[in-house]
Amino acid sequence: MSKLDHAWVRSQFPALGLTLAERPVAFFDNPAGTQVPRRVIDAMGNYLACANANTHGDFLTSQRTDAVIAQARQLSAAFVGARSPNEIVFGANMTTLTYSLSRALGRSWAAGDEVIVTDLDHDANISPWLELTERGIVVRRIPVQLHDGTLDLDSFQRLLSRKTRLVAVGYASNALGTINDVGRIAQMAHSVGARVWVDAVHYGPHGPIDVQAIEADYLVCSAYKFFGPHLGILWGKESHLDELRASQVRPAPRTSPEKFETGTKNHEGLAGLVGAFGYLGELGGAPDLLAQGAAGARAGLLRAMHAVRGYELELGAQLLQGLTSVRGLRLYGLSSAAELQRRVPTFGFTLEGKDSSDVSRSLAEQGIFTWAGHHYALTLMDRLGLSEQGGVVRVGAVHYNTASEVERLIGALQALSR
Ligand SMILES: Cc1ncc(COP(=O)(O)O)c(C=O)c1O
């Protein structure tokens, strides 16, 4: 596993130089969106300055636009391990893509068919499926085990039947950090002929994704969670995408992936996405990913994401130890050092006698950015009995965070708990 050159990493993100009251800002709000490297900012500016146009025209800026979209598809395919760039669909964000595909999938199902969701997931992977109940689709739920924030796979086994059409599951929880065993879940789903929809939005910045290894059928992620601009990415097996009917205006292309890309795409965002992959490539020792071919680009991105994961495991260990040392702090989810491999460094907790939003606000005043609330994990917060209590404070580290930022956070929490 290659090691991160952390000084280089930090130097790539202009926002990490922000200060508040002459102290550097510490970004632990990453689960809601990460900062972006200089390459993203430059790529978006360059696109708008030198390539801004609509697609498929016989002139320079349009040709450059087509090239940017093709590159974004190529590198997104390399990022998730797709067989072809044609398996990549771009959209406004994960939620919009999920609604669009859930409606298309729902049209191909009959009343009485079943979808299984989880009690752990972000609502963007629940509500689009619940909407299908209006068409007679039955939605079932995998319970979450409250003592450690993992899914109850024995109950899941009992929910599966020949009526199950799809299992919609998160790769990692955006509220508690649990990594779900999506490979096993996919195998269990496939054993009854169901397909698997993986929400990798939260997992995306934390580790390598391999849609073949986990045997997913569809996977969604959001570039703004892994150092890119605000846009969503869907991967689906080519044959799965081909068989679906999309909602389209009449002149739009009838073939996938374009048939799912309603209207004009976010071209400058896609340029930024190419910049984000360029940054990750450089992190993985492959600064010019596009010159590497599909296998080389995939290898470069994998090296980067393995290095990210290795670094985050160390930072996660420090965070876990620090958080559990704070008096009155109650951590939810996997909480022992032996379980770090089963989670990403996203931690949800409450502080005894304090409202979570007050804790988050007090940290913000000290330049430490976090979030408090339900984090759209509505069912989970209900099950934990925290919906009425203001939810949890969420601290989420990524690979640009440092050990000294963690020390500062823990010090501030210790002071607050006194
Ligand atoms: C796990 C998870 N899924 C889905 C979403 C929704 O993503 P988007 O904002 O791209 O719609 C989020 C956003 O926070 C998330 O954390």
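Select Arg141 to begin: with a relative accessibility of 34%, this residue counts as partly exposed. The model on screen is predicted.

**Stop 1: Arg141 and Asp119**

Keep Arg141 selected and add Asp119. Their side chains meet in a salt bridge, with 3.2 Å from N to O. Arg141 belongs to strand E6 (residues 138-142), while Asp119 sits in the loop between E5 and helix H5 (127-130), so the pair ties together parts 22 residues apart in sequence. Is Asp119 buried or exposed? At 7% relative accessibility, Asp119 counts as buried.

**Stop 2: Arg165 and Asp113**

Next, select Arg165 and Asp113. Here too the side chains meet in a salt bridge, at 3.2 Å from N to O. Arg165 lies in strand E9 and Asp113 in the loop between helix H4 (94-107) and strand E5 (114-118); the pair therefore ties together parts that are 52 residues apart in sequence. Arg165 is partly exposed, with a relative accessible area of 28%. Asp113 counts as buried, at 11% relative accessibility.

**Stop 3: Arg39 and Glu282**

Now select Arg39 and Glu282, whose side chains form a salt bridge of 2.7 Å, N to O. This pair links distant parts of the chain: Arg39 is in helix H2 (residues 38-50) and Glu282 in helix H9 (residues 267-283), 243 residues apart. Arg39 counts as partly exposed because its relative accessibility is 31%, a value between the 20% and 50% cut-offs. Glu282 is partly exposed as well, with a relative accessible area of 30%.

Then select Arg73, Glu261 and Lys265 together; salt bridges link these residues in a network. How many salt bridges does the structure hold? The structure holds 15 salt bridges.

**Stop 4: Ser173**

Go back to strand E9 (164-170) and follow the chain into the loop that leads to helix H7 (182-190); Ser173 is in this loop. Ser173 counts as buried, because its relative accessibility is 3%, and the cut-off for buried is under 20%. Show the side chain of Ser173: one of its polar atoms lies 3.1 Å from the backbone nitrogen of Ala175. Which residues is Ser173 in contact with, leaving aside its neighbours within four places in sequence? They are Leu120, Thr178 and His202.

**Stop 5: strand E14**

Select residues 346-351, which make up strand E14. Six of its six residues are buried, so the strand is largely enclosed by the rest of the structure. Show the side chains and look at both faces: Thr346, Gly348 and Thr350 point one way, whereas Phe347, Phe349 and Leu351 point the other way.

Add strand E13 (residues 329-332), which runs antiparallel to E14 and is joined to it by four bridges. To find one of the partners, select Leu329; its bridge partner in E14 is Leu351. Then add strand E17 (residues 392-396), which pairs with E14 in the antiparallel sense, also over four bridges. Thr346 has Gly396 as its bridge partner in E17.

**Stop 6: helix H13**

Finish by selecting residues 403-417, helix H13. This helix has 15 residues and reaches 21 Å from its first C-alpha to its last, close to the 21 Å expected at 1.5 Å a residue. Which residues of H13 are buried? Among them are Val406, Leu409, Ile410, Ala412, Leu413 and Leu416. Glu405, Arg408 and Ser417 are buried residues of H13 too.

Definitions and conventions:
Residues numbered from 1 in each chain as written. Predicted model: local features only at pLDDT ≥ 70, side-chain atom pairs only at ≥ 80, totals over all residues. Heavy atoms only, no water. Helix = DSSP H or I, 4+ residues; strand = E, 2+ residues; numbered from the N terminus. Buried < 20%, exposed > 50% of the residue type's maximum accessible area, 1.4 Å probe, protein only. Polar contact = N/O pair within 3.5 Å; in protein donor to acceptor, adjacent residues only side chain to side chain. Contact = heavy atoms within 4.5 Å. Expected span 1.5 Å × (residues − 1). Salt bridge = Lys/Arg side-chain N within 4 Å of Asp/Glu carboxyl O. Pairing = 2+ DSSP bridges.
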